[in-house]
Amino acid sequence: MNEAKRQARTIPTLVFALSQLIIVGAAVAAVGLSVAPRREKVEIPKLRETPRIVRPVFDRPEVVQDDQLKRVLLKLRPRFDGAKTKINHVDHAIRFWSSEALFADKNFPSGEQLRQLLLDQRVFAKMYGKDADKKPLLIPAGRGVKVRVNEGDWSSSHVDHTCASVAEANTPLNYPVYTVGGKTEFRSLVEQVFRDFSLNQVEYEWSTMVFAMYQEEPTAWRTSEGQEINFDRLAERIMRQDQPQGVCFGNHRLYSLVVLLRVHEMTPILSDETHQRIVTYLQDMTRRLVASQHEDGFWNVDWPTAKPISAKPQDVEGDRLSDRIIATGHALEWWAMIPEKLAPAILPEREVIVRAGQWVVKTVDAMEDRDIVRHFTFLSHAGRSLALWRGKLAYEVALDEKP
Amino acid sequence: MSASLDNEPKSAPDGSPVITPKLPPHYALGLSHLGVTAVFVVLFMLYSFLPLRATDLWGHTLWGRWILEHHQLPVEDPYFPLAEGMQVIDSAWLAQVIFGAVEQNFGPEGLSLLFAGLSISAMIALARTFYLISRRLLPMVVGVLLVLVVSWSRAATMRPECFGVTLLALLLWLVTADLWAKPGDDASRGLHWRLWIGVPLLMCLWANLHGSYLIGLIFLSCIAIGSAIDTAMRERSLAAIFRDAKVQRYAFLAELALAATLINPYGFQLLIYNLTFARNPNLTQVLEWQPLVILGIGGREFAVSIVLLLGLWRWSRAPVTATQVLLLALFGFAAIQSLRMLGWYAPIFAWTIMPHLSDVWSRVRPLPEVEPEGIAIEGSDYKLPPGRSFHYTLVCGLLIWIGVAFSPAGSLLLSGKRRPDAQLFDKISSPLELVAHLEEKPPQGQIFNPQHWGDWLVLKVPGVRPFVTSNIHLTPPKVWEDYLRISRGEPGWQRVLDRYNVRMLVLDKLTQPVLTTAMKQTTGWALAYEDDQAVIYRRIVQSPKTDAEGAEPPAAEQAPGGEKEPAKESPAGNPS
């Protein structure tokens with residue numbers, strides 16, 4: 001067939017033009033709408049307005065007696081130090097004392113004051129002076145708010161640590177947040193955790209806790225990398241690395257796993273297989289801890305494999321007093337939150353916990369105030385764990401303070 | 001057989017019987033045909049003897065096996081645990097099924113045969129296409145060789161893209177047969193249905209075989225748009241565009257082709273996936289997605305093609321059409337932007353220059369104005385064109401037979417024998433001794449491996465957990481970033497290994513020299529295997545226990561080869 005014959009068989013100009021307008025227009029519109037970068041790359045799952053709070057379940061006076069607990073908590077009340085106040089300390093303090101804490105002695109900031117320092121740039125600027133607005137803790141980031149991490153004393157020390165700590169202090173999503181960009185809600189921080197998360201990021205323990213506390217349903221969601229995330233996958237990620245790798249000798253990984261188990265009790269978020277894997281994993285951790293506990297009740301960096309060689313702290317990394325406080329306080333903390341039903345399977349014998357609790361009491365009793373301030377972050381876990389073993393959060397313990 | 005006796009043999013005037021060929025005269029071939037046949041036989045032999053390069057071949061083959069076994073398409077990469085949860089759009093599922101089926105039934109040599117078959121089919125289709133344009137054998141062969149030379153950096157590797165190349169060649173043929181059809185010409189017979197049925201069928205098949213079907217859509221669209229521009233310029237009227245038969249035909253054909261490509265397991269989603277595929281941030285670090293470098297792979301060939309193009313445009317009297325300019329601009333730009341586009345640029349380039357090559361050629365060697373009269377066979381009315389003989393046809397057949405019989409594919413087909421592994425597999429991308437060791441002592445847990453060996457290890461070492469495979473696009477960006485960091489021995493690489501709990505390192509001495517050297521000075525790992533190509537280390541102790549916070553120190557804090565740096569932070573992050 002030649003071109004001349006074909007020319008005679010063309011469709012009318014108008015019909016062809018209209019057909020092209022419709023077909024090409026529809027195709028371009030469909031492709032354009034699909035290809036155009038989406039405003040929200042991550043589809044954030046439905047969130048709860050208030051976080052799930054994981055409360056202590058045991059009350060064991062043999063671990064710490066009332067007067068011992070009060071003594072310890074009085075020494076561990078939070079403090080501000082003007083422009084020298086470290087955000088990492090504030091993070092730990094809010095988590096330790098919760099937002100409800102109120103102290104008769106006004107030298108010690110309340111839980112609400114701690115929270116406002118973290119979530120209100122105006123308070124932050126008042127504390128840190130004129131340079132605070134140049135390096136704020138909260139950074140507006142598109143639709144969300146990021147927290148500055150690992151950039152000195154005025155920044156958080158770990159990825160999502162601030163967000164998780166404030167969440168553990170029972171902060172609702174609509175809690176007002178002030179940044180250099182203006183007013184927003186705590187929701188902006190929580191949603192940003194979802195946006196920025198990568199399954200293989202260096203620190204993931206606190207992100208996991210934020211997800212567990214605020215996700216309404218255990219629905220899977222996709223990260224900005226395109227990876228589908230569910231709680232099984234998070235748990236596997238937490239268990240992937242050898243111990244004692246991870247923050248605080250790997251103990252935060254264990255605490256996050258326990259939080260997953262506790263949230264699972266409230267609403268099933270784990271598959272049966274993963275639930276069992278976590279239980280087995282924690283049993284193994286307990287076995288290691290039992291085997292490596294020093295006769296005096298403490299552990300050091302070698303907790304997964306070996307006993308400390310000396311009762312006296314050594315001047316080597318991993319076996320200093322601060323290292324022993326880290327290892328011991330954190331172990332007591334995650335054990336204290338084990339689901340009651342799983343306690344027989346995971347918790348060690350009573351004496352192991354008692355020895356550890358009493359070692360913490362003795363150690364804190366013996367510490368000078370300046371050492372308390374210096375090691376506050378580690379001690380906050382130890383102090384919190386003692387309160388947990390009495391079935392309370394720290395602020396719920398009556399301290400009999402002198403005003 | 002090229003000739004035979006009629007049932008009732010005719011007799012010569014002297015009474016002796018006359019052998020009259022039964023086949024039509026055009027089956028009688030000439031010396032030039034013999035030459036062309038020899039070229040294609042050599043090409044077939046060349047493709048047949050090429051060892052199988054493990055770029056992504058084994059990954060696709062494994063996926064094919066998986067699909068055949070599970071009777072469904074994977075929603076996640078079944079062989080890549082670190083990519084769990086990464087959504088899969090399997091744009092090459094049909095090619096994978098074919099690879100899987102061929103490999104299961106005929107082994108790797110079957111894949112080699114498939115490769116040679118696909119490649120030579122593409123070349124034959126291109127040859128026919130170029131012949132339809134030039135009507136000359138030599139320009140046709142030159143065109144084919146040009147495609148081969150310009151695209152050699154891509155053409156020597158078996159991958160699903162090979163299906164795409166073959167289908168592009170067929171599309172070029174179909175379109176050329178339409179555009180260059182002459183009244184009464186062989187090529188014009190049945191064109192109507194061939195085009196309207198052939199193109200949609202071909203595009204549908206292509207969309208299921210490989211994501212490169214976009215090339216076909218772009219090609220058809222360029223013809224429609226180019227024809228519109230030419231018409232508008234010729235008629236000096238925009239309205240003329242909408243009246244033009246060629247514009248109408250190719251506009252509808254492109255749209256029909258687009259509709260046909262939507263017939264796939266993912267529908268419209270596949271189109272969007274392929275359109276946005278290049279946005280994947282991981283690909284910027286992959287050689288084939290990087291811009292063309294003149295002195296790098298394929299660069300010289302590309303430069304030569306441009307020089308040739310300019311020369312032909314200068315000397316040709318054939319018009320330079322808007323379609324040609326559009327196609328060359330689009331595909332040339334794409335090739336400059338991304339090395340992998342050379343494979344598509346080459347046939348399009350050859351197709352666009354062919355009218356000009358043909359024109360220049362016809363001035364050097366003009367065709368006879370009058371078709372020479374055939375030579376009659378004595379005693380019959382059967383005439384053979386001058387220079388043609390069934391003897392040549394027989395020799396051509398013999399050449400093809402020799403080519404097939406002496407190729408590895410022939411050995412497989414005729415005697416079931418396959419080449420030794422050392423000849424069948426490309427040594428650089430498929431280390432045989434390494435996998436022999438790993439088969440004997442399989443790794444436990446996560447391994448770190450060179451990306452280009454990932455698929456090969458998965459194929460040969462069942463249950464292996466690769467760090468990365470050829471599915472770079474499915475690799476979570478953080479994993480890919482960490483892979484590069486370790487692979488280059490960048491500061492902090494040991495801690496990254498810890499984070500992934502890597503139990504074994506498989507290193508390629510050639511491409512990972514920094515890391516290979518660094519490992520020699522690193523404790524905590526035991527040398528488990530070494531040959532001239534690869535080295536394996538197994539983790540023997542737990543990772544250093546000094547990093548209480550687990551945070552990786554800033555990049556400057558560790559240097560390649562450094563065993564361990566003291567932690568800069570106190571255990572709680574900031575000094576307390």
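Biologist: In which helix of chain A is Leu18(A) found?

Modeller: In this model, which is a predicted one, the place of Leu18(A) can be given by its helix, which covers residues 13-35 of chain A. Leu18(A) is found in helix 2.

Biologist: Does Leu18(A) count as buried, partly exposed or exposed, and which is the class to use?

Modeller: Buried would require under 20% relative accessible area and exposed over 50%. The relative accessibility of Leu18(A) is 45%, so the residue counts as partly exposed.

Biologist: What is the area of the nonpolar surface patch that includes Leu18(A)?

Modeller: Leu18(A) is joined in this patch by Leu14(A), Leu21(A), Ile22(A), Ile23(A), Val24(A) and Val28(A). Together these residues make a nonpolar surface patch of about 680 Å².

Biologist: Which residue takes a positive phi in the hairpin of strand 1 and strand 2 of chain A?

Modeller: Strand 1 (residues 138-141) and strand 2 (residues 144-147) of chain A pair in the antiparallel sense over four bridges, and Pro140(A) stands opposite Val145(A). Two residues lie between the strands, and the one with a positive phi, near 65 degrees, is Gly142(A).

Biologist: Which strands stand at the edges of the open sheet in chain B?

Modeller: The sheet has four strands in the order 5-6-8-7, with mixed pairing. A single partner strand is available to each edge strand, so one side of each is left without a neighbour in the sheet, and these are strand 5 (446-448) and strand 7 (525-530) of chain B.

Biologist: Which residue of strand 8 in chain B stands opposite Glu530(B)?

Modeller: Strand 7 and strand 8 (residues 534-539) of chain B pair in the antiparallel sense over five bridges. Opposite Glu530(B) stands Val535(B).

Key. Residues numbered from 1 in each chain as written. Chains lettered and ligands numbered in written order. Predicted model: local features only at pLDDT ≥ 70, side-chain atom pairs only at ≥ 80, totals over all residues. Heavy atoms only, no water. Pairing = 2+ DSSP bridges. Patch = residues over 30% accessible without salt bridge, like charges linked within 9 Å, V, L, I, M, F, W, Y side chains within 5 Å. Areas by Shrake-Rupley, 256 points an atom, 1.4 Å probe, with all protein chains shown as cover. Salt bridge = Lys/Arg side-chain N within 4 Å of Asp/Glu carboxyl O. Buried < 20%, exposed > 50% of the residue type's maximum accessible area, 1.4 Å probe, protein only.
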